[in-house]
Amino acid sequence: MLEKFSLSEPITMSSEAASERKRVRQSAGPHECPGRKCCGVLVTLALEEGSQLQNSPGMASSCAKPHLIISLFVGCLLFASPARPAVSPSAAVNSTTLPVKHSRISAHLKRVNKPASPDGDLIDCVPSHLQPAFDHPKLRDHKPSVCDFFRIESLTDQGLRRWFDATSTVVGRLQDPPERPKGYSLSSTVDASFQAWSISGESCPEGTVPIRRTTREDMLRASSVQRFGRKPAARRLRRDSTSTGHEHAVGYIIGDQYYGAKASLSVWAPRVTSASEFSLSQIWVISGSFGNDLNTIEAGWQVSPQLYGDNRPRFFTYWTSDAYQETGCYNLLCSGFVQTNNRIAIGAAISPTSALNGGQFDIDLLVWKDPKHGHWWLELGSGLLVGYWPSFLFSHLAEHANMVQFGGEIVNAQTSGFHTSTQMGSGHFAGEGFRKASYFRNLQLVDWDNSLIPLSNLRLLADHPNCYSIQGGVNAVWGNYFYYGGPGRNVRCP
């Protein structure tokens, strides 16, 4: 007898059986029978005597003689009324199996590529030991196993989770989390939902880190593959950037040994008018001269159409040990920064943002050198340890910083021969104050004793005050603070 096979189930057959099936289909030309099982399709499943079809384990094989195939097929044609035009067997099968296949593929991709961001980013949950940091020559042979890389983003005073770096030979085996600065108040509540991709509660599994996927389009926007993910290399670096195309409005402190910095910075979505320009707000931890030996650690938010393909403000990191020449990069686009958090995606969009004359939204950033093991750690918000820069990445910063800087930076490409209209901060001047100008507040330093201390002798600098300005102060609520920013090109900034 003939076995009835479901078309939605997989069928395995020998190559000879497949050839015979194809031959029978071509000669028989099965038709679809409205309202009932199509005999023509069933007939194609019966091959010459001795051939077998297997559907699944436990499914009986079937065989039939050629004359039985013809008889059943003719019977089907006579029984079916009215008959429809001939449809190829492949089309009939595809019409049933393709929707099922596409549905399964979509479901699988959703699982594999989960979580996808509402702003269009695709966030990959990458095993911690496979993140780019471990491509570094000094870490390449010391990749940890997944079980050695515990989640530490929600460490609190009430419950510290022990974890291991597993780079014991080079970095030193970490038996516990970094030692936070004295005077630091840690909340027991950790909120990581400031990024668009995590607003719905998405996060990556333990043992993985979320990494924004780099696309072909991202690479094509770069000036070259070699420079992708890097700031433009400047021929000459100066503390004031009047000759480099980079313009700043910053507060800075210099002249001592520094071991970290902390601040709250408001988040805006400034307009960037050229794909080759950017606008950012960040903390710089700096050591070395402003020559080729400059070491920096940087963290904040930025709008960079060239790097990300849009105008959304995004959480970012950067580092260099040779004045942006050959070392370092943004985010996780090269080996270096070791991410330990499974809830924060570096390079992902920040949401919400501040509104003119409306609600103000800021983020807390802390960068400090762990006195136990010497690495530079990054914390976001209250208690979210994002990861660290291993001390061996640097020359001067392997010991300490000699300058800390807070504020805004833009690139003025002058593509039209005029000063750019790219905005810094909110796009409004510092003198316009709260709810209009962007700000930094509660500026603090980490000293030699791993203590958070207020700033003294904060210096303010605006490279082009008619384009972007800065204005500071001190009060009991905001501590050391300043407003900064501007619209770029205007009647006083031609």
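In this predicted model, C329 is a buried residue, with a relative accessible area of 1%. Its sulfur atom does not stand alone: C329 and C334 form a disulfide, and the two sulfur atoms are 2.1 Å apart. The torsion about this S-S bond is about -85°, so the disulfide is left-handed.

How many disulfides does the structure hold? There are three. Counting the bonded cysteines along the protein chain, the pairing follows the pattern 1-2, 3-4, 5-6. The bond between C329 and C334 has been described above, and the other two can be taken in turn.

One of them joins C125 to C204, with an S to S distance of 2.1 Å. What do these two cysteines tie together? C125 lies in strand β3, which covers residues 123-127, while C204 lies in the loop between β3 and β4 (208-212), so the disulfide ties together parts that are 79 residues apart in sequence. The link of C125 and C204 is left-handed, with -80° about the S-S bond. Are its two ends buried or exposed to some degree? C125 has a relative accessibility of 24% and counts as partly exposed, whereas C204 is buried, at a relative accessible area of 3%. The cut-off helps here: a residue is called buried when its relative accessible area is under 20%.

The remaining disulfide joins C467 to C493, and its S to S distance is 1.9 Å. This pair, too, links distant parts of the chain: C467 sits in the loop between β17 (459-462) and β18, C493 sits in the segment after β19, and the two are 26 residues apart. The link of C467 and C493 is right-handed, with 90° about the S-S bond. Both C467 and C493 are buried.

The strands named alongside this last disulfide are worth a look of their own. Strand β18 (residues 469-475) pairs with strand β19 (residues 479-485) in the antiparallel sense, over seven bridges. Together β18 and β19 form a hairpin, and three residues lie between them. As one example of the pairing, G473 has Y481 in β19 as its bridge partner.

Attention now turns to a charged residue. E247 belongs to strand β5, which spans residues 246-258. What is the nearest side chain of opposite charge to E247, and how far away is it? It is R489, at 12 Å. A salt bridge requires a side-chain nitrogen of Lys or Arg within 4 Å of a carboxyl oxygen of Asp or Glu, and E247, although buried, has no salt bridge. Its side chain does have polar partners, however. The side chain of E247 makes a polar contact with the side chain of H419, at 2.9 Å. Another polar contact is made with the side chain of N412, at 3.1 Å.

A final residue to pick out is Y388, found in strand β13 (residues 384-389). With a relative accessibility of 1%, Y388 counts as buried. How far apart are Y388 and Q339 in sequence, and how far in space? Along the chain they are separated by 49 residues, yet from C-alpha to C-alpha they are 6.6 Å apart in space.

Key:
Residues are numbered from 1 along each chain as its sequence is written. This is a predicted model: local features need pLDDT of at least 70, side-chain atom pairs count only at pLDDT 80 or more; totals for chains, interfaces and linings use all residues. Side-chain values use heavy atoms; hydrogens and water are left out. Helices (H or I, at least four residues) and strands (E, at least two) are DSSP runs, numbered from the N terminus. Buried means under 20% relative accessible area, exposed over 50%, partly exposed in between (1.4 Å probe, protein chains only). Lys and Arg count as positive and Asp and Glu as negative; His and the chain ends are not counted. A polar contact is a pair of N or O atoms within 3.5 Å; within protein, one must be able to donate a hydrogen and the other to accept it, and residues adjacent in sequence count only if both atoms are side-chain atoms. Two strands pair if DSSP finds at least two bridges between them. A disulfide is a pair of cysteine sulfur atoms within 2.5 Å.
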